[in-house]
Amino acid sequence: MIDFLNYSQLPFIMFSILAIQAMSLQLILGGTGLLSLGHAAFYTVGGYTSAMFTVFLAPLLGIHDSTLLLICACLVGMIAAAFTGLIVAIPCLKLRGDYLAMATLGVGEIVATFFKNLDFVGGTRGFKDIPKLGSPLLIFSIMLLTFLFIKRFYKTNLGYAVRATRDDEISARSLGINIYKTKLISFLLGSSLAGLAGVFYAHTLQFISPDEAGFYNSVVLVLAVVIGGMYSVFGSIFGAFIIVIIPEILRFIPQLINPYLLIMSDKGLLLPSLIPIIDSILSNRTLIFSVLVVFIMLLNPKGVASLFERINKMRKTND
């Protein structure tokens, strides 16, 4: 049991951090309808700047209390990520559709290259020996608070304006909504929350690398939002669960299935020569996970959250 708890800590931490990132992107992608392919850059900026604060600046300022240090690190990471978001948003939000996606795509590479050339934070080797300030329970609590904050935000006047902008810009403008300002606020809010996820990543794993800003991580974030359901905040959490936890569960599938394959082979229901082939297929977690994602999207093009909504509607109809 203790071994299982120790093993499950890292997937649990990664799930919570990815969920915060996915919800921050959901504000931009699902909330405002802006496709950003460089969202991991804000997360990396938050992680690096907060780590630089706790390692270099905080000792000079005499800040040693871990709680105060964590609060200051969160503020520094979120402000730095929001400022980076502002630099990106001012020119990029004038673009639309594929042009915006291409413009934000370069942001991740710029941020990664920038940190790779900073030797005092490890350069290409990454930033090591960052103070440990986070814990699995704390990160999970931050994930829940982020969820409640975004749900509450969508019920404010600004939240309604954000969704109106996503649904129909012309109609929203006719109602007096400032489209550019609404998009900008949504982008900055999403960037700062991504920076918050970066703070907890750096101060829990005690390491962060420039590769975190890469294109792959941004695509994983988009995938988490799309699988879960672009228009649902809860869907982003579910998308993170599918991406992080499902591959970990698939790791144990060969061990669970193999005894049954041997029984079937003994009873003549399965050729013995097929057992290694089936084992090989089941051991390929990436293949199974990819097929599973395709299957999910074929069944629920609007994401897993739409499935829950349909079930709720059916229950209400039956009642």
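Let's begin with Val-199, a residue of helix α8. Is Val-199 buried or exposed? In this predicted model, its relative accessibility is 0%, so Val-199 counts as buried, the cut-off for that word being under 20%. Now look for Leu-75. Along the chain, Val-199 and Leu-75 are 124 residues apart, while in space their C-alpha atoms are 9.3 Å apart.

Thr-49 tells a similar kind of story. You will find Thr-49 in helix α2, which covers residues 39-61. With a relative accessibility of 17%, Thr-49 also counts as buried, because buried means under 20%. Its partner for this step is Ala-80: the two are 31 residues apart in sequence, and 6.8 Å separates them from C-alpha to C-alpha.

Next, move to Leu-95, in the loop between α3 (66-92) and α4 (97-116). Leu-95 has a relative accessible area of 33%, so it is partly exposed. How far apart in space are Leu-95 and Phe-252? From C-alpha to C-alpha they are 46 Å apart, with their positions 157 residues apart in sequence.

Let's turn to the interior. The largest nonpolar core has 86 residues, and Phe-15, Phe-127 and Phe-187 are those with the most contacts inside it. Helix α1 gives the most to this core, supplying 12 residues. Where does the core sit with respect to the domains? Both domain 1 (10-229) and domain 2 (245-317) give residues to this core, so it lies between them.

Now for the empty space. Rolling a probe the size of a water molecule over the atoms shows where such space is left. The largest pocket has a volume of about 680 Å³. Its lining is made of 23 residues, and the closest to the pocket centre are Leu-18, Tyr-216, Val-220, Ile-243 and Val-244. Which helices should you look at around the pocket? At least two lining residues come from each of α1 (2-31), α9 (215-228), α10 (233-250) and α13 (285-299). Sorted by character, the lining residues are 16 nonpolar, four polar and three charged. Domain 1 (10-229) and domain 2 (245-317) both give residues to the lining, so the largest pocket lies between them.

A database record adds another view. An unreviewed UniProt entry lists "transmembrane region" for residues 12-29, 41-62, 68-90, 135-154, 184-203, 215-245, 257-275 and 287-308. You can follow two of these spans in the model. Residues 41-62 are 95% helix and 0% strand, and the C-alpha atoms at the two ends lie 30 Å apart. Residues 68-90 are 100% helix and 0% strand, with end C-alpha atoms 33 Å apart.

Finally, take a look at the backbone. Most residues other than glycine have a negative phi. Asp-129 has a positive phi, near 55 degrees, and belongs to the loop between β1 (127-128) and α5 (136-153). Its relative accessibility is 71%, so Asp-129 counts as exposed, the cut-off being over 50%. Gln-206 has a positive phi too, near 60 degrees. The place of Gln-206 is the loop between α8 (179-205) and β2 (207-208). Is Gln-206 buried, partly exposed or exposed? With a relative accessible area of 34%, Gln-206 is partly exposed.

Terms used. Residues are numbered from 1 along each chain as its sequence is written. This is a predicted model: local features need pLDDT of at least 70, side-chain atom pairs count only at pLDDT 80 or more; totals for chains, interfaces and linings use all residues. Side-chain values use heavy atoms; hydrogens and water are left out. On a 1 Å grid over the protein atoms alone, a cavity is a set of points where a 1.4 Å probe fits but cannot get out, and a pocket is an open set with protein on both sides within 12 Å along at least five of seven lines; lining residues have an atom within 4 Å of a point. Grid points are joined across faces, edges and corners, and a volume is the space filled by probe spheres set on the points. Helices (H or I, at least four residues) and strands (E, at least two) are DSSP runs, numbered from the N terminus. Ala, Val, Leu, Ile, Met, Phe, Trp, Tyr, Cys and Pro count as nonpolar, Asp, Glu, Lys and Arg as charged, and the others, Gly among them, as polar. Domain bounds come from an automatic or database domain assignment. UniProt positions are given in the numbering used here, feature names are shortened, and annotations may be inferred rather than shown by experiment. Buried means under 20% relative accessible area, exposed over 50%, partly exposed in between (1.4 Å probe, protein chains only). A nonpolar core is a set of buried Ala, Val, Leu, Ile, Met, Phe, Trp, Tyr and Cys residues joined through side-chain atoms within 4.5 Å.
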